[in-house]
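Okay, thanks for coming, everyone. I'd like to walk you through one structure today, so let me put it up on the screen.

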Amino acid sequence: MRHEIWLAALSEELRRHGVGPDLAGHVVAEAAGHLRDSGEPPLRAFGPPDAYAAAVADSVGGPAVRAASGPVRLRAVDIVKRYGKRTVLSGVSLTVHAGQVAAVVGANGSGKSTFLRICAGLVGAASGRVEVHGTLGYCPQSGGTADFLRAEEHFALIGAGRGVSRQAAARAGARQAAALNWTPNDAHARHLSGGTRQKLNLVLAGLGDPDVLLLDEPYQGFDGGTYLDFWHEVWRWRDAGRSVVVVTHLLNQLDRVDVVLDLSASATGVAA
Amino acid sequence: MIRTLTIAEMTLRETGRRRGVLVLLLLLPLAFYLARRGDHLGQSIRFVCLGLSWALSTAALFVGSAARSLEPRLRLSGYRTHQLFVGRLLALWTLGVALSLPYFVLIRFDQNDVRYGAIAVIMLLGVLVAPLLGLAVSALLPRDLEGMLVLLTVVGLQMILDPAGNAARVLPFWFSREIGTYAVDHTSVGYLDRGVLHGVITAGLLLLVVAVAFGIRLRRRPHVRFVEV
């Protein structure tokens, strides 16, 4: 692999791993200097760009955990949910401030998606209350798109609901899609792969810049690179002062979120 | 208004891309028409109007079912409940007019000695009522198969029951038989009046059912409070 190509790939992978532009530029410059001085092929010197970027990201750590400083955007208090005689959630509470990322974790059937749907007001709760300060974007685990509509038509549809003009919605949708390494075309949603359909779902959730984003395992079907792009986008939303709640069962990103709500033990949890 | 029109536009785009369904929708009333054209011209008119209504209500059922998973997200995106169902109805009414027009032209040139104005009234009332029936069924019954069976039962009963009996009057397309009799058999204007009244009342009741069913399904849950920032 030629030096320039390898260095460009490294730069892109560093961005995907959430390494800031200053540090990424420094790492790329150092790698370029080493390759120039040593004359070694980059793959022998550093290995594949994605692996080297992952090692760099691990060594510097992810974005710093943020203490609660901004105003409260989402507050769920003592949520109880029962299906028949089975109690799924028992007194679950979560508070997320502006500029924070919260992860809701737990085993299958622990009520993660139910909790998120209760926060969105899509299903009722036996007791408890939820306050949403501002507008809400929601990304379901599956569904949520229209089979016979194109991506741009989805943007127009959701955009109209949020009071965004068609052109602005198309621009915002294309921009967010590009951040997930996807270029929407004329294909109907039914012809998109599972991962691309989830990208569409994620883009729709973020259209119109909602204050609170509820994301229910939105990375289903994502490949490794897109998974990193997804977290990069989450951090970008956080940096823009939005509150993001992600339902996940993948624990390797938990050190990079600000709040963790664990529902795995007893369907009871408090996080703030 | 922009939101309602956007829903209508996207519903039309989605429906327009289901070409196989569109062809079947167009041909189904023709089958009803041709079935009795040879021996009973008047009956073929009544049947084609019923066929149109059935085709439209089926289309509305599938439109309603297909939108079911998307609508909660649309509500969260800022749409009001009435904008969702009115938008879909606008699209279905447009589709209904486009579907009915060729059949009106067919009857105009294929049939003599019938009241064409009254036939136009049947078709317009059918276009008004059938999408409401299909959306109401889709709102009340979450699965397509159940909805289809209900529509099949309604249309089957409509064809079997004696239109003069009281039981037939509670069926949604009774107006079609009543006005059809006025148009084909040149009966008194009372048939037309009763038919129009029945169609308008049916449309009103079904609109109420659609509004209430959509309102319940897509309601804001009381435990959630949205605070403007």
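Let's begin with a question: in β1(B), which residue is the bridge partner of A:E131? It's B:R225. And before I go any further, keep in mind that what you're looking at is a predicted model.

That pair belongs to a bit of sheet that crosses between the chains. Strand β4 of chain A, residues 127-133, is joined to β1(B) by four bridges, and the two run parallel. Now stay on A:E131 for a second, since it turns up again within chain A: in β4(A), A:E131 is the bridge partner of A:R75. The strands behind that pairing are β1(A) and β4(A), antiparallel, with five bridges.

Follow β1(A) along and you get to a hairpin. β1, residues 72-83, and β2, residues 86-97, both in chain A, pair antiparallel over eight bridges. A:V72 has A:H97 as its bridge partner in β2(A). There are two residues between the strands of this hairpin, and A:G84 takes a positive phi there, near 65 degrees.

Back to the interface. How many residues of chain B are in contact with chain A? We get 25, and they touch 29 residues of chain A. On the chain B side, the elements giving two or more residues are α1 (2-16), α4 (71-76) and β1 (224-227). The largest share is from α1(B), with six residues. If you sort that side of chain B by class, you find eleven nonpolar, five polar and nine charged residues.

Next up, the other sheet in chain A. It's an open one with five strands, in the order β5-β6-β7-β3-β8, and the pairing is parallel. The edges are β5 (136-139) and β8 (259-262); each has a single partner strand, so one side of each has no neighbour in the sheet. On average, neighbouring strands here are turned by 15 degrees against each other, ignoring direction. To zoom in on one pairing, β3(A), residues 101-105, and β7(A), residues 243-247, are parallel with four bridges between them. Within that pair, A:A102 stands opposite A:V245. There's a helix to look at here as well: α8(A), residues 194-206, lies across β5(A) and β6(A), at about 170 degrees to β5(A).

Those two residues from the sheet bring me to the packing. The largest nonpolar core has 127 residues, and A:A102 and A:V245 are among those with the most contacts inside it, along with A:V104, A:C119 and A:L214. So which helix gives this core its largest share? That's α6 of chain B, residues 116-140, with 16 residues. Apart from that one lies another core, of twelve residues, including A:L7, A:A31, A:F46 and A:A57. As general background, nonpolar side chains tend to be buried together in soluble globular proteins.

One last stop, and it's a charged residue: A:D229, in helix α9(A), residues 224-239. Is A:D229 buried or exposed? Buried, because 23 other C-beta atoms lie within 10 Å of its own, and 20 is enough to count. If you leave aside neighbours within four places in sequence, A:D229 is in contact with A:R16, A:A179, A:L180 and A:N181. For a sense of distance, go to A:K81, 148 residues away along the chain: the C-alpha atoms of A:D229 and A:K81 are separated by 34 Å.

That's my tour, so over to you.

Technical notes
Residues are numbered from 1 along each chain as its sequence is written. Chains are lettered from A and ligands numbered from 1 in the order in which they are written. This is a predicted model: local features need pLDDT of at least 70, side-chain atom pairs count only at pLDDT 80 or more; totals for chains, interfaces and linings use all residues. Two residues are in contact if their C-beta atoms, placed from the backbone, lie within 7 Å. Two strands pair if DSSP finds at least two bridges between them. A nonpolar core is a set of buried Ala, Val, Leu, Ile, Met, Phe, Trp, Tyr and Cys residues joined through C-beta atoms within 7 Å. Axes are lines fitted to C-alpha atoms, for helices over the stretch in contact, and angles run from 0 to 180 degrees between N-to-C directions.
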